[in-house]
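Trainee: I have the model open. Can we go through it part by part?
Mentor: Yes. Ask away, and I will reason each answer through to a value or a name.

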Amino acid sequence: MTASPVASLPLTAIAKATRQAARQLAVLPTEARNQAVEAIAQALEAATPEILAANAADCQAAQAEGIAKPLYNRLKLDETKLKAAIEGVRDVGKLADPVGTVQIQRELDEGLILKRITCPVGVLGIIFEARPDALIQITSLAIKSGNGVILKGGKEAIRSCETLVKAIHQGLSTTAVDAAAVQLLTTREEIRALLQLDEYVDLIIPRGSNEFVRYVQENTRIPVLGHADGICHLYIDRAAELQKAVEITVDAKTQYPAVCNAIETLLVHSAIAPTFLPLAAAALQKRNVELRGDEVTCQILEMAAATEEDWSTEYNDLVLSIKVVDSLEEAIAHINTYGSRHTDAIVTEDPNIADTFLNQVDSANVFHNCSTRFADGFRYGFGAEVGISTQKMPPRGPVGLEGLITYKYKVTGNGHIVAPYAGKDAKPFTHRDF
Ligand SMILES: NC(=O)C1=CN([C@@H]2O[C@H](COP(=O)(O)OP(=O)(O)OC[C@H]3O[C@@H](n4cnc5c(N)ncnc54)[C@H](OP(=O)(O)O)[C@@H]3O)[C@@H](O)[C@H]2O)C=CC1
Ligand SMILES: N[C@@H](CCC(=O)OP(=O)(O)O)C(=O)O
């Protein structure tokens, strides 16, 4: 099979081609989809010089436009990051096949058998930020789960995305998977048009700001799985071990400040604030974090005053707002008011306090004594992630293969009809699981 030159077609034709390719992909055996995933890994390895060159050009252009350092780090794809992403593709290949799992097998009556079996969703439209390694993770998950995918990355990453998709098409062209199963769009106009194509696209996954996710939800009939902003919190309880708390704070803020699972607000119990805050501030300032405190924090340490706006701001940068609270309840109330239901964590040595926090904070990921940066499909053992769903209904949190799967009920009878099972002398069902 050769790589399909569909990218030059009008959008409806692209979507139609993806639908057709996805239908073939959905019924391929596990082995064929695994081979396709491995072919993608090999093609990316072979195209490494071109990919790195394209990314260097994107980075250069973004720098000329004055891109912020954290966003630049998200855009930059060096050899180490690319190698890790390719390893991730192979990890996805090794995961159990999510397609064809029999979830329910039930005899309704003699000779009348119900099965619920997992199957791919169909065609996914995934819009994401200028982060080229996300394209690699998303594509490998889509192919492994038997779905076609129409991708759109952030404008700063256009060259990187085009080169990656070219390599992926090259890899797929040696396999049973039609390369048309993976498509790349590059403009916002195409996104607006894509949102109207409910005939060909089964699920839209927007990764981006709250505003953008809402815009998508309001402008399409296609089901939307929102991956919105991460206003993540870390609460340092009065029973926290201080050194542990400092290390977690520094990691959660500075290990990768541009990503959605980095913290934006630090909440500190008033009983330990005078001892904890100077330790934390020293460690954070060593890493160039700008601190903004509420009134009590500013009485303990000199820093800029936080405004009401700070509590609902996702900086995506080396900035942290700090608030001193008088109780666990106040911390939980703050998080449930200003958070984005993404990821929130507590540091405490008191298991009861931890339990209350984990049960009452209404977020997709709630952590005890560890960094919010663990909110990630790879780190959860899902191989990779499409992103982190901030919706309440499943899939919630890091979305891996399971989130790209639906199911269908297959019922087999032998001439069975409903009439004998209805009315006055209705025949009972056996409803026997096996
Ligand atoms: N929960 C999660 O998994 C994730 C959450 N995020 C969140 O996303 C936000 C930051 O991402 P940022 O880089 O600023 O991304 P943006 O929200 O600016 O953009 C993300 C993507 O959406 C597109 N887009 C944005 N607005 C429109 C529009 N009106 N019409 C069509 N397309 C649009 C962009 O296109 P273009 O570049 O062409 O403008 C880009 O492809 C943060 O809040 C972050 O937390 C990010 C990734 C994952
Ligand atoms: N799970 C990811 C962060 C989630 C994510 O996709 O973030 P972003 O860089 O905002 O797209 C990680 O830990 O790198």
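Trainee: Into which domains is the chain divided?
Mentor: This is a predicted model, so read every value as computed from it. One domain is built from two stretches of chain, 6–227 and 386–408. The other runs over 232–374. The names to keep are domain 1 (6–227 + 386–408) and domain 2 (232–374).

Trainee: How many residues does each domain give to the contact?
Mentor: The C-alpha centres of the two domains lie 33 Å apart. Domain 1 and domain 2 do touch, and both sides can be counted. The contact takes 11 residues from domain 1 and, from domain 2, 12 residues.

Trainee: Which element gives the most to the side of domain 1 that touches domain 2?
Mentor: Two elements each supply at least two residues there: α4 (69–75) and β14. By class, that side has 4 nonpolar, 5 polar and 2 charged residues. The top contributor, with 4 residues, is α4.

Trainee: Which residues come nearest to ligand 1?
Mentor: The shell around ligand 1 draws at least three residues from each of domain 1 and domain 2. It holds 25 residues. Those that come nearest are Glu-129, Gly-208, Asp-229, Cys-260 and Gly-387.

Trainee: Which elements give two or more residues to that shell around ligand 1?
Mentor: By class, the shell divides into 9 nonpolar, 9 polar and 7 charged residues. Two helices and a strand meet the condition. They are α8 (188–194), α9 (210–218) and β14 (387–389).

Trainee: And ligand 2: how many charged residues are in its shell?
Mentor: There are 14 residues around ligand 2, and Val-259, Cys-260, Asn-261, Asp-376 and Gly-387 come nearest. Here too, domain 1 and domain 2 each give at least three residues. The classes are 5 nonpolar and 2 polar, with the charged residues numbering 7.

Trainee: Back to helix α9. Is Val-216 buried or exposed?
Mentor: Val-216 is found in α9. A residue counts as buried with 20 or more other C-beta atoms within 10 Å. Val-216 has 22, so the verdict is buried.

Trainee: Which residues is Val-216 in contact with, leaving aside its neighbours within four places in sequence?
Mentor: Start with a separation: the C-alpha atoms of Val-216 and Arg-192 are 8.6 Å apart, with their positions 24 residues apart along the chain. The contacts themselves are Leu-195, Ile-204, Pro-206 and Val-224.

Trainee: Why is α7 called largely enclosed by the rest of the structure?
Mentor: Check its geometry first. At 1.5 Å a residue, its 15 residues should span 21 Å, and the end C-alpha atoms are 21 Å apart, which agrees. Then count burial: the buried residues include Arg-159, Cys-161, His-169 and Leu-172. α7 is largely enclosed because, of its 15 residues, the number buried is 11.

Trainee: What covers the buried residues of α7?
Mentor: The cover includes three helices and a strand. The helices are α2 (30–46), α3 (48–64) and α6 (132–144). The strand is β5 (182–185).

Trainee: Which residue stands opposite Leu-184 in β5?
Mentor: Val-182 and Leu-184 point one way from β5, Gln-183 and Leu-185 the other way, and all are buried. Strand β4 (residues 148–152) pairs with β5 in the parallel sense over 4 bridges. Opposite Leu-184 stands Leu-151.

Trainee: Which strands stand at the edges of the antiparallel sheet of 4 strands?
Mentor: The order in this open sheet is β16-β2-β1-β17. Strand β1 (residues 102–109) pairs with β17 over 2 bridges, and Arg-106 stands opposite Asp-433. A strand with a single partner has one side left without a neighbour, so the edges are β16 (405–412) and β17 (432–433).

Trainee: In the parallel sheet of 7 strands, what is the bridge partner of Arg-292 in β10?
Mentor: The order is β10-β9-β11-β8-β7-β12-β13, and the sheet is open. Its edge strands are β10 (304–305) and β13 (365–368). β9 (residues 290–293) and β10 pair in the parallel sense over 2 bridges. The partner of Arg-292 is Ala-304.

Key
Residues are numbered from 1 along each chain as its sequence is written. Chains are lettered from A and ligands numbered from 1 in the order in which they are written. This is a predicted model: local features need pLDDT of at least 70, side-chain atom pairs count only at pLDDT 80 or more; totals for chains, interfaces and linings use all residues. A residue is near a molecule or strand if its C-beta atom, placed from the backbone, lies within 6 Å of it. Ala, Val, Leu, Ile, Met, Phe, Trp, Tyr, Cys and Pro count as nonpolar, Asp, Glu, Lys and Arg as charged, and the others, Gly among them, as polar. Domain bounds come from an automatic or database domain assignment. A residue is buried if 20 or more other C-beta atoms lie within 10 Å of its own, exposed if 12 or fewer, and partly exposed in between; C-beta atoms are placed from the backbone. Two residues are in contact if their C-beta atoms, placed from the backbone, lie within 7 Å. Two strands pair if DSSP finds at least two bridges between them. The expected span of a helix is 1.5 Å times one less than its number of residues.
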